[in-house]
Amino acid sequence: MSSATPPPPPSGADDPNKPVTGYPTTGNYPPPQTSYHQNYHQTGYPAQTSNNYPPPPPGTGYPYTAPPPAYYNANPYPHQTYDPQRATFLRRVIIAGISVFLIIGAITFIIWLVVRPHLPDFRVDSASITNFNVTNSQLSANWEIGFFVRNPNKKMTIFYDRIEGSIFYKDESLTETSLVPFFQEKKNETTISSRFTAMGTYVGERTAKDMLGDKNNGGGVRFNVRMLAWVRFRSGAWRTRRHLMRVFCEDVRIGFSNATSLSGTLFGSSKVCEVDL
């Protein structure tokens, strides 16, 4: 039995194992025709087909003018023109306002020097306490304080629009009340009376012990009376705005006849108060 003859090896054109190069094999094929559309996209210009000029090689481009760059505005806000007349007007308004303010201040200061307002004089002329009782760190008592008030001004009237009074033992507040508003003419002297009440006010164990100790030692219990008054000064058509005046009457001592007494009166002479505005 005869053996079969193996087929001849494939030629180069028919060999499937030959690497692909991306180019057509050489043969008797005509070169590909380049269309007008393909030539236009490759070069950017149509191929020359007249005047006996050969077409340019494939891939050839021609220089052209680049478009101008987009305008960039660093300041997105519109430009504002300077108006000298407006600036001059604003300066004049500011200068006029400052001038008016200074003139009013100078007039007020001159009037203040002419009339020379003085603070009123306060003193405690009388003080009494009734139903004084300290039990279980609670205080009950009634105070009546008489003030002497003098207006030393020769040209000004004083209006006391609102007055609030408080009684302290050392720095602890015991009670407070409101006094009746009043006014004082020039060089006027007035006596006002104020009443304070404490009903079961908690004062703390230490404060209660100290007050009872002062009472039993016979030296009297020392209270501090303070007042806040909203006042105005007036001289003719000129008047001031409302001011807060503070009155401090320190060490108002009330003595008791004995350790069991529930009532006491001012011990010693009148107490001059400090006035601050």
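This is a walk through the structure, one selection at a time. Keep in mind that the model is predicted, so read every distance and angle below as a property of that model.

**Stop 1: strand β7 and its partners**

Start by selecting β7, residues 221-235. Now add β3, residues 157-169: 11 bridges join the two strands, and they run antiparallel. For a landmark in this pairing, pick Ser166, whose bridge partner in β7 is Arg226.

Next, bring in β9, residues 243-256. β7 pairs with β9 in the antiparallel sense too, over 10 bridges. Zoom to Trp230 and you should find Leu244 of β9 standing opposite.

One more partner to go: β8, residues 238-239, is joined to β7 by 2 antiparallel bridges. Ser235 has Trp238 as its bridge partner in β8. What lies between β7 and β8? The two strands form a hairpin with 2 residues between them. If you check backbone torsions there, Gly236 in the turn has a positive phi of about 65°.

**Stop 2: Ser166 up close**

Go back to Ser166, which lies in strand β3. Buried or exposed? Ser166 has 14% relative accessibility, so this residue counts as buried. Leaving out residues up to four places away in sequence, show what Ser166 touches: Thr175, Glu176, Phe196, Asn224, Val225 and Arg226. Arg226 is thus on the contact list as well as being the bridge partner.

**Stop 3: the nonpolar core**

Switch to the nonpolar side chains. The largest nonpolar core has 44 residues, and those with the most contacts inside it are Trp143, Tyr160 and Phe223. Which elements give two or more residues to it? Colour β1, β2 (138-150), β3, β4 (172-179), β6 (189-202), α3, β7 and β9. β7 gives the most, with 7 residues.

Centre on Trp143 and expand the selection by contacts, skipping neighbours within four places in sequence. Among the residues in contact with Trp143 are Ile129, Ile167, Leu174, Phe196, Phe223 and Ile254. The list also has polar or charged company, including Ser128, Thr175, Ser194 and Arg195.

**Stop 4: aromatic rings**

Display Phe, Tyr and Trp rings; the count comes to 6 aromatic pairs. Take Phe122 with Tyr160: the ring centres are 6.4 Å apart and the planes sit at 80°, so the pair is edge-to-face. Phe122 lies in strand β1 (residues 121-135) and Tyr160 in strand β3, so the pair ties together parts that are 38 residues apart in sequence. Both Phe122 and Tyr160 are buried.

Now compare Phe159 and Phe183, a stacked pair at 5.6 Å centre to centre, with 25° between the planes. This pair also links distant parts of the chain, with Phe159 in β3 and Phe183 in strand β5 (residues 182-184), 24 residues apart. Accessibility splits the two partners: Phe159, at 15%, counts as buried, whereas Phe183, at 45%, counts as partly exposed.

Before leaving the rings, select Phe122, Tyr160 and Phe182 together: ring pairs link these residues into a cluster.

**Stop 5: charges over rings**

Keep Phe159 on screen and add Arg232, which lies over the face of that ring at 4.9 Å from the ring centre. For a second example, jump to Arg123, whose charged end sits over the ring of Phe148, 3.9 Å from its centre.

**Stop 6: the disulfide**

Select the cysteines next. How many disulfides are there? The count comes to 1, and the bond joins Cys249 to Cys273 with an S to S distance of 2.0 Å. Measure the dihedral about the S-S bond and you should get 105°, a right-handed link. Cys249 is in β9 and Cys273 in the loop between β11 (271-272) and β12 (274-276), so to speak a link between distant parts of the chain, 24 residues apart. Both Cys249 and Cys273 are buried.

**Stop 7: Thr207 in helix α3**

Finish at helix α3, residues 205-216, where you will find Thr207. Thr207 is buried, with a relative accessible area of 12%. Not counting residues up to four places away in sequence, Thr207 touches Tyr169 and Glu172. Last pick: draw a C-alpha to C-alpha distance from Thr207 to Ser137, and the two come out 7.7 Å apart in space while sitting 70 residues apart in sequence.

Definitions and conventions: Residues are numbered from 1 along each chain as its sequence is written. Side-chain values use heavy atoms; hydrogens and water are left out. Two strands pair if DSSP finds at least two bridges between them. Helices (H or I, at least four residues) and strands (E, at least two) are DSSP runs, numbered from the N terminus. Rings of Phe, Tyr and Trp (its six-membered ring) pair if their centres lie within 6.5 Å; planes under 30 degrees apart count as stacked, over 60 as edge-to-face and the rest as tilted. Buried means under 20% relative accessible area, exposed over 50%, partly exposed in between (1.4 Å probe, protein chains only). A charge sits over a ring if NZ of Lys or CZ of Arg is within 6 Å of the ring centre and within 35 degrees of the ring normal. A disulfide is a pair of cysteine sulfur atoms within 2.5 Å. Contact means heavy atoms within 4.5 Å. A nonpolar core is a set of buried Ala, Val, Leu, Ile, Met, Phe, Trp, Tyr and Cys residues joined through side-chain atoms within 4.5 Å.
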